[in-house]
Amino acid sequence: MKILVTGGAGFIGSHIVRWLRKAGGEVVAADNLRTGKRTNLPDDVPLYEVDIRDRTGLTDLFAAERPQAVVHQAALANVRESMEDPITYAEVNVIGTLHLLELVKEYNCSKFIFASTGGAVYGEGQTSQRSTAEVDAGGRPAPGDPTLPFTEESRPQPKDNYGANKLSCEHYIELYNQNYAIPYVILRYANVYGPSQDVKGEAGVVAIFSGAMLADQATFITGDGGQQRDFVYVEDVARANILALNSDLTGTYNVGTGLPTDINTLYRLLADLTEYGREPGHLPLPSGEVRATWLDCSKAGKELGWEAEVDLREGLRRTVEWARTAAVTA
Ligand SMILES: NC(=O)c1ccc[n+]([C@@H]2O[C@H](COP(=O)([O-])OP(=O)(O)OC[C@H]3O[C@@H](n4cnc5c(N)ncnc54)[C@H](O)[C@@H]3O)[C@@H](O)[C@H]2O)c1
């Protein structure tokens, strides 16, 4: 089966490409290299430098390659940017996805896998719906918040344009399934980290901390560092995509560890791994930042046979090793 990976030169997309190659699949990548890099891809994987807003470019790609499945990772994924430039975000994330869905329909592809986001689609848990001032005054999600962890049944409540883009794509994908019987799997990723992550990415905090710590530069935590996130290792996320591709299932699945980690803990783990001795500075919390989010992934366990296998300490160790080598070869 020939598979098209959009955003294939990006952080997660390039790991998916490698997994597909390992499994013996034929892969082509599409990427406009906005944040992706050619060097992220194996030399012999064809890369179409195409923007997913460019219908003609995508049509030419489909005509030349006739992919049988699409793994759609290409997106603009910076929450702050999405608030500053909602139009470009909608053009890339929503219209770009619609171009692909139209071509998937035309070419009768057997599967559409979509990279969604748990963090931005679910928004806040009940007890973390507090003002920034309250949070700065020491507010914490109450133990036993009934809305956390988020399941696939939790009510989506995006707080930013990026989350609204992804939720809108999910609705279109479900409609294309209902109207044209296109099988799909939507994967709602938690905060993904690992080798080759761009510091500007959605979960750039691991890349930012480890880069600064290895260079012995100053580090900064936003707010009090009590914000909780679900950090999932990129190889686990790539494996979830392969399982989704190989399954007969259609549906939506959370992809995370099911465990919350606060930023202060993450900071300490990374400081330990990089032997960084300095204390962090603190910056004001960006307005609207979600206080706590983590994902219940039992549905993926039961139906896809997927669960995260790399624990946080091991994933961070591998990421720091990669960052050390990347810094030497840069
Ligand atoms: N990293 C995370 O923690 C995380 C969490 C949830 C969801 N996601 C989703 O996973 C996917 C991959 O994210 P990532 O972290 O690898 O980010 P990334 O920026 O490394 O990957 C996105 C890729 O899409 C490409 N791209 C951007 N705009 C494009 C366009 N108009 N046309 C063609 N290509 C374009 C970029 O060049 C890049 O290679 C995205 O859809 C993102 O929304 C990521």
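# Briefing: sheet, helices and core of a predicted model

Strand β1 (residues 2-6) and strand β2 (residues 26-30) run parallel and are joined by five bridges. The model is predicted, and its local features are reported where pLDDT is at least 70. Both strands belong to an open sheet of seven strands with parallel pairing. The points below cover this sheet, the helices, the nonpolar core and some individual loop residues.

**The sheet**

- The strand order is β3-β2-β1-β4-β5-β6-β11.
- At the edges stand β3 (47-48) and β11 (251-255). Each has a single partner strand, so one side of each is left without a neighbour in the sheet.
- In general, the strands of a sheet are paired through backbone hydrogen bonds, in a parallel or an antiparallel sense.
- Within the pairing of β1 with β2, the residue opposite I3 is V27 in β2.
- Four of the five residues of β1 are buried, so this strand is largely enclosed by the rest of the structure.
- Six bridges connect strand β5 (residues 111-117) with strand β6 (residues 184-189), and this pair is also parallel. Here A115 is set opposite L187 in β6.

**Helices on the sheet**

- Helix α7 (residues 161-180) packs on the sheet and touches β5, β6 and β11. The direction of α7 makes about 155 degrees with that of β5.
- Helix α1 (residues 11-22) lies across four strands: β1, β2, β4 (69-72) and β5. Relative to β2, α1 runs at about 165 degrees.

**The nonpolar core**

- The largest nonpolar core has 87 residues. Those touching the most other members are F112, F114, L187, V232, V237 and V255.
- Helix α9 (residues 234-246) gives the most to this core, contributing six residues.
- Which residues does V237 contact, leaving aside its neighbours within four places in sequence? They are I12, Y189, V192, V232 and V255.

**Packing of α8 against α10**

- Helix α8 (residues 205-214) and helix α10 (residues 263-274) pack with their axes 10 Å apart, at an angle of about 35 degrees. The crossing of α8 past α10 is right-handed.
- On the α8 side the contact is made by V205, F209, S210, M213 and L214. On the α10 side it is made by I263, L266, Y267, L270, A271 and T274.
- By type, the residues of this contact are nine nonpolar, two polar and no charged.
- The buried residues of α8 are V205, V206, A207, F209, S210 and M213.
- D216 follows α8 and has a positive phi, near 55 degrees.

**Loop residues with notable backbone geometry**

- The peptide bond joining L148 and P149 is cis, with omega about -5 degrees. P149 lies in the loop between α6 (132-136) and α7.
- A181 is not a glycine, yet its phi is positive, at about 55 degrees. This residue sits in the loop between α7 and β6.
- Is A181 buried or exposed? A181 is exposed, because it has 10 other C-beta atoms within 10 Å, and a residue with 12 or fewer is classed that way.
- S196, likewise not a glycine, has a positive phi of about 75 degrees. The loop that holds S196 runs between β7 (191-193) and α8.
- S196 counts as buried, because it has 20 C-beta neighbours inside 10 Å and the cut-off for a buried residue is 20 or more.

**Two partly exposed loop residues**

- P280 is in the loop between α10 and β13. With 19 C-beta neighbours inside 10 Å, P280 counts as partly exposed.
- Not counting residues up to four places away in sequence, P280 touches T219, F220, I221 and Y267. P280 and I221 are 59 residues apart along the chain, and their C-alpha atoms are separated by 6.4 Å.
- L285 is in the loop between β13 (281-283) and α11 (298-304). L285 has 17 other C-beta atoms within 10 Å and is therefore partly exposed.
- The C-alpha atoms of L285 and I113 are separated by 34 Å, with the two positions 172 residues apart along the chain.

Key. Residues are numbered from 1 along each chain as its sequence is written. This is a predicted model: local features need pLDDT of at least 70, side-chain atom pairs count only at pLDDT 80 or more; totals for chains, interfaces and linings use all residues. A nonpolar core is a set of buried Ala, Val, Leu, Ile, Met, Phe, Trp, Tyr and Cys residues joined through C-beta atoms within 7 Å. Two residues are in contact if their C-beta atoms, placed from the backbone, lie within 7 Å. Axes are lines fitted to C-alpha atoms, for helices over the stretch in contact, and angles run from 0 to 180 degrees between N-to-C directions. A crossing is left-handed if the near helix is turned anticlockwise from the far one by less than a right angle, and right-handed if clockwise. Ala, Val, Leu, Ile, Met, Phe, Trp, Tyr, Cys and Pro count as nonpolar, Asp, Glu, Lys and Arg as charged, and the others, Gly among them, as polar. Two strands pair if DSSP finds at least two bridges between them.
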